[in-house]
Structures are given as C-alpha cells and as structure tokens.
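Welcome, and please open your viewer. We will go from stop to stop, with something to select at each one.

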Amino acid sequence: MGRTIFHLSAVLLASALPLFAQAPALQVPATVTAGQSFAIPRNGRGTFYLVGPSHVLKQNVDAGREIAIAGRDVSTSGTYQAILCGSEGCTSATIQVLSAAPERLTFLLHPSRVPVNTPNAVNGTAIVSDRFHNTVVAPAKVDFRLSLAGEEISTRSVQSVRGIAWFEIGSRPKQGSLQVTAALGDTTEPRVIQQVASEACGLRMSATPGPHAVTLQTDPIRDCAGNPLPDGTIVSFTKTDAAGKSTVDTPIKKDRATAKFEVSGPAHISVACGEALGNEISFAGRP
Amino acid sequence: MKFVLVLLIALLTVGLVAAGWVQSGGMKLRAERAASTPEEAVRALLADIQAHNWDQAYARLDHSNDIQQQDFVREIAGTDGSLRTYSALQGFDVWPVHADASHSTLRVRFNWSSAVGSLDEVRDLSVVRDGNTWKVVWPKPNFANVPLQVLPVNYLRWDVIGRRSDDWGSASVDSPKVRIISMNAVERPDSVVVLGEVENEDTVPAYVNISATLLKQDGSPLAQQDSFDAIAHSLLPKQVSPYRIDFPGARLNQVKSVRMDAHPLLVPASADPVITVENQNVNKDALGRTVLKGSLVNQSGQIVNIAQVLAAFYDTSGKVIWVSDGYVDDALIPQAPVPFAVDIPPDVATRMHDYHVVVNHYTAPRA
C-alpha cells in the first residue's frame, strides 16, 4: 500500500513539474542501454527521482557530486522520467532505455503432436529478448533447425521483425519425433513434435475358426503413407447373426487388433478403425 | 393416590408406544409377516430385504429349488464391489399378474437408491401355497463359474510424466484433439435434450466432457449443462462415445441455437479392460417397454466393479436420435456374461434404424 502511494506520488510529482519547474535543466543522456550504469552531472543538493515502467528510484544528492544510476535501476526498457528537486525547485528530463543485445529466445512450437503429411500444420514462433527479458525490436537472425531421425538437418533462417521470428511448415510423411531448435548466436531452444500416423488405410482382417469361436485378427494397421498406427488405437469389430449384434472395441497391440466371437450359425463380421472401414467376412454356419 | 399416578403414567406410556407402533406401520408389517396371501408374502419378503434381515427373508422362500441363503444374499446385496453393494432397497410396488388356489405370480418394481442415483428393476415373482402360508419362489441365481486359469494381461497404459512448467513459452504437451462428430437437439415432453457423438481423434487418451449452452433468440444464454454421466469420459485413440445433455423444463421454441464445447484433458489411462457387448437385441420387457438388451463380457483379468452401458440410436439417415444409458448391478467377472437392458422411448423405437453400444466402466484400485 505504502509502495503504491509512493509510486503514485512520484508520478503526480512528475506530471506537476512543468507548473513550478524553475531550476536549471538536467543533463541526461537521451538513450541508455538496459542494464548500463551511467551518471548525471549535478551541482547543489536535492532529491533525485527516476520513474521507470516498473521501478522508481529515489536518492538524496550531495553538492558537487554526480548522480550515479546503477545498471540494475534501468534494466527494463522503456521511457524513464528523471526528476531532481532542490531548494530552487524541480526539474525533469526524459531518458529512453533501449533493450540490450539479443541474448534470450522464447520459443513456442505448435502443436506437440501432428498427423503425418498435413500441410502447414507445424508453426514455430521465437521471441528475441535481451538478458533482462526486454523484447529486442532491432532485427536479429534466428535459425530454426529441423531434424527428423534418418533425415538431414534442414535450417531456416528468419530475420525477426519487432522481436518476433516465425515459420510454418507441413508435417513429414514419416512418423517420429521432429526436433526443432531455435538458435540465436550461442543460445538454443530445442522443442520436439511427435509426428504420428494418420487415419488407417486398407484395413483388412482375417478369421481363424476354432471349435466354438472364431478368432479375428487384422493385418498390421497402417496409414496411407505406410506408418503403423500407434498401439492402443481402438478398432471396432461387429458381428451380426440371428442372436443379434455383438461388438467389441479393442486396442491395437503390436500393430494388430484381435477379437474373438462365438459363432453358431450364419454370421456377418465387419471391422472399422476411426473413419476407415475394413473388409467384411461372412460365415454360412458353425466355423 | 401415589399408586394411581404410577398406574396412570404406565398406561399412558403403553398407549404412546402402541400409537407409535401403529403409526410406523406395525399393523401393516404384522399383516405382511403373516403371509396369509401371496401379496403379503411378497411384501413381507421385501420388507425383510429392506431391513437386511437376511435370515427372516430366506425363511420366507420356497426351498424346493434348493436355493442357498448365501446365493440369495449375494444376489440381493451384491458382491465384488458391484453397484448393488452401494445400493439399498428404497421402496417397492407389487401388483398381481396371475393367481389360482395354489400358485400366484406377482410383478414387483424394486426401487433401489444407489451410488449413481435411483434405479428401478422389475421382476415377476412366483408365490406358492405352503399349508396356511405362502412362500416366494426365488429363482436360483446362476452365477458364472469360470474355471481357474491364468490370463495374460498386457494391454497398454499411458502415463503423463514430467514437470508441468509455469514458464511461458517452455515446452508443453497439447491437450488431446477431440471432435464432436454429431449433434442433435430434440424436444421431449419435459425437456430439451442435446445428444450426439464425440470422437478422440488423437493418438493419446483423452478425458472428455461436453457442455452445451442453449441460446435465446437475442443470443443470450438460456441454460447451460454438461453431459455429466451420460458419456464415456475416458476415450482411447479413435474411440467414439455417445453423449446426452438434458435441459429440464426447456422448450425448443425458446432456443435459437446451441453452443457446444468439448473439454479434453490429457490423463493417464489404460487400454484394459476390453469389454465385449454380445447379442444386442431390441425387445420388450415385462412392462411392455421397448428395451435394448444384451450381455457384457469382460475379456480382461481384472474385475470391473461398475459398468454403465451407453447406447446411441440412429435413424435411417444415420443421425443420432436418442442416447440411452443404464447401469449394470453386477460386477463384471472376467469371461462371465452379465445381462444388461436400456430403455428406448416409444417414439424413438419406431424411428430407430441402428444403434451403437459403448461400455463405460469403473474399477476400484487394487490394494
């Protein structure tokens, strides 16, 4: 509460200064780099205020000494108001604090899982900032390195615009982990996207009759690019006979799905996985 | 004088106790316990079941079918953490179906209060004369007798691991991608019902909840509800679940549009158990209602304590026109079929062309 009142007072003081400022102007640098110490020349005694976007500094000034501003007091980029109040009144000046050299990357890669062969499905955005987390608006070159197991590393260099560099690509036809690393000088930020199989393609099952039941097993279930669907994917088997309809949702295990149905008369069995329909098998009687 | 006062207090106490007994249904209970008519015999049996007075209840049964008390209690009180073990007989209605001098059939509607709400069950009970009293013929329970065997269970399991960072822009994993593949808003006599199907299109399991907001003509919300238990919340990759969202008291002419939201969460899950839904048939039950019947077979090696059946009904164009759900009283013992039945409203039964059944399950953590 006290801190808030202090900040508000400082801002009010800064805005009211033109009404009664009669003292000599402050000799401040027009621009300063974030985190860089600097000094303001001063004669006489008084109180100095530095009001920044996220920080307010107050210090007493002795006669004949410079006002030293530590780098930590100007670590946030933006516009600062320097105010000096002495016996002759108050005076103020504006200082622009610019971001320091690019040193950090914030990297957002979306999505974390993507089906193979999907155009423009992967996008990455890197935000360039200095060591104080100020966005660096000056252009900087960001390299995006893309590597998939068994493939050569490809690199895209993107110039940041107002601190942001981004790219968009389609997913590859082969499933697996796609590692994308954003690099700025020595700074790297790696991320991984899982490229997963798409919808099942050419779903096919075969039946093995037993004494009382028929065992159904699919061929290895793959998408149209030949990638095996992940284990755990649900495959639905449906049997229709005189007793009614029987269904089972069973997960793929080791690339295949299996099910067992009792068959005692003419029966019709079908299989499906997601939107993909497979072949159908008919039995004339007991298997 | 002192003696008169003591006598007066004693008489008053006896009178109050008698009034309390009559008030609490003591006369009725006594009449029921007498079992001098078929209905009294059934009511007496149900009163004993309600009071968990198993010895008394068993004594009221006709033992000609060699029914054992432990089997009778097991059927009524449930076992293996089934829904019946979390239920109590709240009330019952009895009405005659057939009667002659030595044999009678009565229809009983049991009303169970359970962990998932109120559940109704209808049974026909036979009652036979035994001298001056009547005895209930309780059908001998036919518990599955699965031979001792070793069943390898090696289905998949997904775990979510790693620190969930709060740092903005740090690595994260997307929520599963689910899609509402159909939605239909229908009007019932006392409500508006939003129903359809949702599919997990991702390669990881999803915990899904569907919410719907009815919007008025001016676009403002009229009511908001979610699917609660009328959905299979845990969906494995490519699995489809029906959902139903009820808006009691709403009318369709108040609604301009419906806003649907699917809320998927990344959760640990297991591909086990696999439950087969066998011999699905649309039939009439004892009350003449249209029901979808079938049986569930647990193909895994672990007991499924509570199973819920969700059924989506489609018209000839493949549109979902109704979603029914029903709980199964018994636990699903591995390899043992357990019957189920879910209601189909009469107007849906006439328009229904096909159906799809999904089984939702709850398994208590093993010690």
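Start by colouring chain A by confidence: this is a predicted model, and chain A has an average pLDDT of 88, with 90% of the residues scoring at least 70. Now select residues 17–21 of chain A, where pLDDT stays under 50. The model still gives this stretch nine contacts beyond four places in sequence. A word of caution fits here: where pLDDT is low, the predicted coordinates should not be read in detail.

**Where the chains meet**

Next, show both chains and pick out the contact between them. How many residues does each chain bring to the contact? Chain A gives 24 residues and chain B gives 23 residues. On chain A, highlight strand S8 (104–110), strand S15 (187–196) and strand S21 (244–251), each of which supplies at least two residues of the side that touches chain B. Which of the elements gives the most to that side? That is S21(A), with eight residues. Colour this side of chain A by class and you will find 10 nonpolar, nine polar and five charged residues.

Stay with S21(A) and add strand S14 (residues 275–284) of chain B: the two pair in the antiparallel sense over three bridges. To see one facing position, select A:Val248, which stands opposite B:Thr276 in S14(B).

**Into the cores**

Now for the largest nonpolar core, which has 76 residues. Select B:Leu296, B:Val309, B:Ala311 and B:Val323, the members that touch the most other members. Then show strand S16 (residues 306–314) of chain B, the source of the largest share of this core, seven residues.

Centre the view on B:Leu296. Setting aside neighbours within four places in sequence, its contacts include B:Ile275 and B:Val277, as well as B:Ala307, B:Val328, B:Leu332 and B:Phe340. B:Pro337, B:Val338 and B:Val359 are also in contact with B:Leu296.

Over to the second, separate core of 19 residues: among its members are A:Leu109, A:Val114, A:Val136 and A:Val142.

**A last stop in chain B**

Finally, select B:Leu265, in strand S12 (residues 257–266) of chain B. Is B:Leu265 buried or partly exposed? It is partly exposed, because 15 other C-beta atoms lie within 10 Å, while a buried residue would need 20 or more. Beyond neighbours within four places in sequence, B:Leu265 is in contact with B:Ser175, B:Ala206 and B:Tyr207. For a distance to draw in your viewer, join the C-alpha atoms of B:Leu265 and B:Ala35: the two residues are 230 residues apart along the chain, and these atoms are separated by 57 Å.

Note on methods: Residues are numbered from 1 along each chain as its sequence is written. Chains are lettered from A and ligands numbered from 1 in the order in which they are written. This is a predicted model: local features need pLDDT of at least 70, side-chain atom pairs count only at pLDDT 80 or more; totals for chains, interfaces and linings use all residues. Helices (H or I, at least four residues) and strands (E, at least two) are DSSP runs, numbered from the N terminus. A residue is buried if 20 or more other C-beta atoms lie within 10 Å of its own, exposed if 12 or fewer, and partly exposed in between; C-beta atoms are placed from the backbone. Two residues are in contact if their C-beta atoms, placed from the backbone, lie within 7 Å. A nonpolar core is a set of buried Ala, Val, Leu, Ile, Met, Phe, Trp, Tyr and Cys residues joined through C-beta atoms within 7 Å. Ala, Val, Leu, Ile, Met, Phe, Trp, Tyr, Cys and Pro count as nonpolar, Asp, Glu, Lys and Arg as charged, and the others, Gly among them, as polar. Two strands pair if DSSP finds at least two bridges between them. pLDDT is the predictor's confidence in each residue, from 0 to 100.
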